[in-house]
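Below are my notes on the model you sent. They take up two sheets and two serines in turn.

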Amino acid sequence: MSKSVVRTSKFRHVFGNASKQDNCYDGLRVTKNANDSQFCAVNTKFLAVVCEAGGGGAFSVIPLAKTGRTDVNAPRITGHKGPVMDIAWNPFNENMIASCADDCMVKCWIIPDGGLCENMTESAVDMAGHQRRLGSLLWHPTANNILASAGFDYLIILWNVGTGAQVSRIECHTDTIYNIAFNFDGSQLATSSKDKKIRIINPRDGTVVKEGQGHAGTKACRVIYTSENRLFTTGFSKMSERQYAIWDTSDLTKALKMEMIDTASGVLFPFFDFNTNMVYLAGKGDGNIRYYELVDDRPYCFYLDEYKSNAPQRGLGPLPKRAVDVPRCEVMRLFKLHQKGLVEPISFKVPRKSELFQEDLFPPCLGDQPSLTADEWIGGADKPPLFISLKDGFVPSEKPSFVAPEKKANEEEQVPRGEKELLKAYHELKAEVKRLEEKLASANIKIRQLSH
């Protein structure tokens, strides 16, 4: 008599639970931008949401403890001249957030501990280098103040935020870059692109280490690292079926596993938790969030369950692992952005009866201290990230105040960037040339009259 074998896993019974209305954030004017970005970023202190704004770009920053309805006139960050495309918190400075926008600028902002008291228009650091609008931002996982930006000019630029200077320019792409992802020590950068290729790049010199054909569909593909030798991607087949795939970083010619998920049209965003080896898949416009457990050997990925909801998500922001509710065995918290202006925290927990610290659920996680300075990383050093234990709770470390670099002269800041600004400058110069030609013709007539 055969016995059915059930795979043992401590995450088989993970369940998602939405927060009550009192613990949500409401009244936000969420952006209507169609860019494939999350428009939502969270750290241990603040929640940031990209907002709709007339005549420029703006985003709101709310202290996590300040739940409930947000005042319609609440202060926002309004320093961009075009719609904000992406935002990202500095993992080693809880008060610094980076933003990029349609105006081709990357800006970094310092948020006061209590939140904003008035509209913030002056950024701490301005970084100009892209010639078309930007699509995504990503902080380096181990080096302090190193930021990567990807634009629609097919260019990736790495910045030293401490000086505002470019560290390197990656120019190997020939089509739109969908997203970028560092490995765990930041020595490699994986990218997905509209040309359907997955690339692994040396971020210091821009050389392509590995390259392979990704998902066959024409819609957006996403890529993340799940270990030093594994990539996880989401994309579409030729028949527009949503898929996920697992790749060995040493050989991108063929996926280790590629599986069809469904036939929905929204782009799937993966969120990976390396402490539990779980990946969460959330599609734009979907109401559900699927989660899987990854293993080293075949079949590499096991479906666990899904969180279901009738409300579609506009975007999601993962809370850093060091801020989860350890006594309640919370292994992940995602902040779900609704189109109508609500941000709803969704908690994923492992059911346990004991209230003691669960070491198997909470191994050491990423801390809030960098393992390298920016100059050390630029000089060629690589170090693994620093870890902390959550047994006694997370205590933020003391950090020196950020000293902003001197900004460039106004004349340099006013150089037109992007298609709209260049076209406007062209027409202004054309009108100026016409005015000067008319003035010159009038002067020539007067000269001829005086000579007679």
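How many bridges join strand 26 to strand 27, and do these strands run parallel or antiparallel? Strand 26 (residues 289-294) and strand 27 are joined by 6 bridges and run antiparallel.

1. Basis. This is a predicted model, in which local features need pLDDT of at least 70 and side-chain atom pairs count only at pLDDT 80 or more, while totals for chains, interfaces and linings use all residues. Residues are numbered from 1 along each chain as its sequence is written, and side-chain values use heavy atoms, with hydrogens and water left out.

2. Sheet 24-25-26-27. Four strands, in the order 24-25-26-27, make an open sheet with antiparallel pairing. Strand 24 (268-273) and strand 27 (301-307) are at the edges with a single partner strand each, so one side of each has no neighbour in the sheet. On average, neighbouring strands here are turned by 25° against each other, direction ignored. Between strands 26 and 27, arginine 290 stands opposite glutamate 306, the latter in strand 27. Strands are DSSP runs (E, at least two residues), numbered from the N terminus, and two of them pair if DSSP finds at least two bridges between them. The angles are taken between N-to-C directions of lines fitted to C-alpha atoms, and run from 0 to 180 degrees.

3. Sheet 20-21-22-23. This open sheet has 4 strands in the order 20-21-22-23, and the pairing is antiparallel. Its edge strands, strand 20 (222-227) and strand 23 (257-262), each pair on one side only. The average turn between neighbouring strands of this sheet is 20°, direction ignored. Strand 20 pairs with strand 21 (residues 230-236) over 5 bridges in the antiparallel sense. Tyrosine 225 has leucine 231 of strand 21 opposite.

4. Serine 99. Serine 99 is part of strand 9 (residues 96-101). With 0% relative accessibility, serine 99 is buried (under 20% relative accessible area, 1.4 Å probe, protein chains only). The serine 99 side chain makes polar contacts with the side chains of histidine 80, at 2.7 Å, and tryptophan 109, at 2.9 Å. A polar contact is a pair of N or O atoms within 3.5 Å; within protein, one must be able to donate a hydrogen and the other to accept it, and residues adjacent in sequence count only if both atoms are side-chain atoms.

5. Serine 136. Strand 12 (residues 134-139) holds serine 136, which is buried at 11% relative accessible area. Leaving aside neighbours within four places in sequence, its contacts (heavy atoms within 4.5 Å) include Asp86, Cys100 and Asn179.

Note on methods
Buried < 20%, exposed > 50% of the residue type's maximum accessible area, 1.4 Å probe, protein only.
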